[in-house]
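Visitor: I'd like a close look at one small part of this model, please. After that, feel free to wander outward from there.

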Amino acid sequence: MKKILSILGLFTLLAGCTPTADSQVDNSLEDIQEKEVFVLGHTDYPPFGMLDEGESIGFDIDMAQELTKRLGVELETKYIDWDSKQFELDNKNIDAIWNGFTITPAREKEVTFTQPYFDNHIVMMSLKGNTYESLDDLEGKVVGVELQSSGQIALEEREDVNDSLEEMMKYTSVSEALMALKTGGIDVIVVDENFARYVSSQESELYEISEARFNPENYGIGLRKGSDALAAKIDEIIDEMIVDGSASEISKKWFGEDLISR
């Protein structure tokens, strides 16, 4: 009887170790290595990712080039509509959203993020002579944001400010919002500081940026939900790039200084 009970106990133990139908094996890293291609999704967000005569360039693109070389796979870039980024990722049209992608609690429910690698704030960007010192100055103004951007989120979180606007204009890319600002279609852009500083450095006589900085945030690389193995490997390689100085060199190329934050 004891022997029979022992055998039954063994079967029970083995059954408990058997994966259930609901459990999922994380093959995210193996999948990338097997197909030998890593597809990065980005939109027009200088200097992190942009198109130059059809070629993807930018800080994040250079970081990805170095990372995929060390991972032993090819980098493929795909220009996407920012408001379709989750669809592109979930349907495996891309392997990562890597384009100054802000880590938020809402997004963490939909994607697996790597560790942060870059800091950011939200600012107000306007034409010279139009100074904005606080969000309260946006009352009665036509404000431009990139659709589903941190700027839009920051405004919508402040219901009092959002309700005071004449209108919030939402653009499919931040470059479209910038063009509307140039042509007088909007009064001001609520945008990532990193973008604003870069654009202003190119045309310093044209723009001014608010001294007020709000909603501190971090950028991460967004992967399909559950891609923990791939995220861990990416973080490992980025740490190596920081230690050997290659990440710093890429940052200096695009920003003139080392802004990597880890």
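Visitor: Which backbone atom lies 3.1 Å from a polar atom of the side chain of Thr 104?

Guide: That's the backbone nitrogen of Arg 107. The pair is a polar contact (N or O atoms within 3.5 Å, within protein one able to donate a hydrogen and the other to accept it, sequence neighbours counting only if both atoms are side-chain atoms). Before going on, note that the model is predicted: local features need pLDDT of at least 70, side-chain atom pairs need 80 or more, while totals for chains, interfaces and linings use all residues. Residues are numbered from 1 along each chain as its sequence is written, and side-chain values use heavy atoms, leaving out hydrogens and water.

Thr 104 sits in the loop between β5 (96-102) and α5 (105-108); helices here are DSSP runs of H or I of at least four residues, strands runs of E of at least two, numbered from the N terminus. Its relative accessibility is 15%, so Thr 104 counts as buried (under 20%; exposed is over 50%, with a 1.4 Å probe and protein chains only).

Another loop threonine is worth a look. Thr 43 is in the loop between β1 (37-42) and β2, and at a relative accessible area of 2% Thr 43 is buried too. Leaving out residues up to four places away in sequence, Thr 43 touches Gly 49, Met 50, Tyr 79, Ile 80, Trp 82, Asn 99, Glu 146, Thr 172 and Ser 173, where touching means heavy atoms within 4.5 Å. That loop between β1 and β2 also holds Pro 47. Pro 46 and Pro 47 are joined by a cis peptide bond, with omega about 0 degrees.

Two glutamates in loops have unusual backbones to point out. Glu 36, in the loop between α2 and β1, has phi near 65 degrees, a positive value in a residue other than glycine. Glu 53, in the loop between β2 and β3, has positive phi as well, near 55 degrees. At 83% relative accessible area, Glu 53 is exposed.

Now step back from Glu 36 to α2 itself. Helix α2 (residues 28-35) packs on α10 at about 75 degrees, the axes being 5 Å apart; axes are lines fitted to C-alpha atoms over the stretch in contact, and angles between N-to-C directions run from 0 to 180 degrees. That makes α2 roughly perpendicular to α10, a label for angles of 65 to 115 degrees. On the α2 side Ser 28, Leu 29 and Ile 32 take part, meeting Asp 228, Ala 229, Leu 230 and Lys 233 of α10.

Leu 230 turns up again around Leu 223, a residue of strand β12 (214-224). Leu 223 is buried, with a relative accessible area of 0%. Beyond its neighbours within four places in sequence, its contacts are Leu 89, Asp 95, Ala 96, Val 111, Thr 112, Thr 114, Leu 230, Ala 231 and Ile 234. The C-alpha atoms of Leu 223 and Phe 113 are 6.1 Å apart, although 110 residues separate the two along the chain.

Ile 234 leads on to the largest nonpolar core, which has 51 residues; such a core is a set of buried Ala, Val, Leu, Ile, Met, Phe, Trp, Tyr and Cys residues joined through side-chain atoms within 4.5 Å. Phe 38, Phe 59, Met 63, Trp 98, Val 191, Ile 221 and Ile 234 touch the most other members. For Phe 38, partners more than four places away include Ile 32, Val 73, Leu 75, Trp 98, Leu 230 and Ile 234. Apart from this core lies another, of 15 residues, among them Met 124, Val 145, Ala 154 and Phe 214.

Finally, α11 (246-255) is mostly covered, with seven of its 10 residues buried. Those are Ser 246, Ala 247, Ser 248, Ile 250, Ser 251, Trp 254 and Phe 255. They pack against β2 (50-52), β3 (55-57), α3 (59-71), β7 (118-127), α9 (193-202) and α10 (228-244). Of these partners, α9 also has seven of its 10 residues buried, so α9 is largely enclosed by the rest of the structure. Gly 256 follows α11, and its phi is positive, near 80 degrees.

For the overall frame, the protein chain has 11 helices and 12 strands, and 48% of its 262 residues are buried.

Technical notes
Parallel < 35°, antiparallel > 145°, perpendicular 65-115°, else oblique.
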